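This report walks through one protein chain for a reader who has not met it before. Please look at the sequence and the model first.

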Amino acid sequence: MTTVTRTDRLQKLKVNLLSRRDELRRRSGRSYDSKSSNDSAIGDAADIAQYNEMSDLNSHLISMEADELSEIENALKKFHNDSYGICEVTGKPIPIARLEAMPLTRYSVEAQRESERQAMV
């Protein structure tokens, strides 16, 4: 039976992050909306309102994906610096199960809880 090490699991996470980064980069070059900007002038007020709502949603999705791409780039830099999977607050390794569940996390559970507790005060 082969034992999978933390290093092996981290390498798999890196491959997944690279794949997701490439996907987001490809998507960033495409429009989310199949309608052209001239189509918004066609139709009644309800059509225009629906178009505007879809446009706002698409802008929000693009913004979320840009944020995710930035977080992925940050994580990949950490791989390069051998600091991926190290809590930015405690300096201790983040459990691999947490990283597999949340590959972009920068904090251990304890540090995250403390940060959230501080934010509530």
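Which residues does Lys78 touch, not counting residues up to four places away in sequence? In this predicted model, Lys78 touches Ser83, Tyr84, Glu88 and Arg106 under that condition. Lys78 has its place in helix 2. Because its relative accessibility is 13%, and buried means under 20%, Lys78 counts as buried.

**The chain as a whole**

The chain has 121 residues, and 20% of them count as buried. Its secondary structure consists of four helices and zero strands. Read from the N terminus, the order of elements is α-α-α-α. Taking contacts between residues at least 6 apart in sequence, 57% join residues at least 24 apart.

**Helix 1 against helix 2**

Two packed helices are described by the angle between their axes and the distance between the axes. Helix 1 covers residues 6-28 and helix 2 covers residues 45-80. The angle at which they pack is about 145°, and their axes lie 10 Å apart. The crossing of helix 1 past helix 2 is left-handed.

On the side of helix 1, the contact is made by Leu10, Leu13, Lys14, Leu17, Leu18, Arg20, Arg21, Leu24, Arg25 and Arg27. On the side of helix 2, the residues met are Glu65, Glu68, Leu69, Ile72, Glu73, Ala75, Leu76 and Phe79. By class, the residues of this contact are 10 nonpolar, no polar and eight charged.

**Empty space**

Rolling a probe the size of a water molecule over the atoms shows where empty space is left. The structure holds one cavity of 30 Å³ or more. The table sets out the volume and lining of the largest cavity and the largest pocket.

| Space | Volume | Lining residues by class |
|---|---|---|
| Largest cavity | about 40 Å³ | four nonpolar, two polar, three charged |
| Largest pocket | about 160 Å³ | three nonpolar, three polar, two charged |

Lys78 appears again here: it lines the largest cavity, together with Glu71, Asn74, Ala75, Tyr84, Pro103, Leu104, Thr105 and Arg106. Tyr84 and Arg106, which also line this cavity, are among the residues that Lys78 touches. Ala75, another lining residue, takes part in the contact of helix 2 with helix 1.

The largest pocket is lined by Thr7, Leu10, Gln11, Lys14, Phe79, Asp82, Ser83 and Tyr84. Helix 1 supplies the largest share of this lining, with four residues. Leu10, Lys14 and Phe79, which are part of the pocket lining, also belong to the contact of helix 1 with helix 2.

**The loop between helix 2 and helix 3**

Is Asp82 buried or exposed? Asp82 is exposed, because its relative accessible area is 68% and exposed means over 50%. Asp82 is found in the loop between helix 2 and helix 3, and it is one of the residues that line the largest pocket. Most residues other than glycine have a negative phi. In Asp82, phi is positive, near 60°.

Pro93 is found in the loop between helix 2 and helix 3, the latter being residues 96-101. With a relative accessible area of 55%, Pro93 is exposed. Not counting residues up to four places away in sequence, Pro93 touches Arg6, Gly85 and Ile86. Pro93 and Tyr107 are 14 residues apart in sequence, and their C-alpha atoms are 9.2 Å apart in space.

Notes
Residues numbered from 1 in each chain as written. Predicted model: local features only at pLDDT ≥ 70, side-chain atom pairs only at ≥ 80, totals over all residues. Heavy atoms only, no water. Axes fitted to C-alpha atoms, helices over the stretch in contact; angles between N-to-C directions. Helix = DSSP H or I, 4+ residues; strand = E, 2+ residues; numbered from the N terminus. Left-handed = near helix turned anticlockwise from the far one by under 90°. Contact = heavy atoms within 4.5 Å. Nonpolar A, V, L, I, M, F, W, Y, C, P; charged D, E, K, R; others polar. Buried < 20%, exposed > 50% of the residue type's maximum accessible area, 1.4 Å probe, protein only. 1 Å grid on protein atoms, 1.4 Å probe; cavity = no way out; pocket = protein on both sides within 12 Å on 5 of 7 lines; lining within 4 Å. Points joined across faces, edges and corners; volume = space filled by probe spheres on them.
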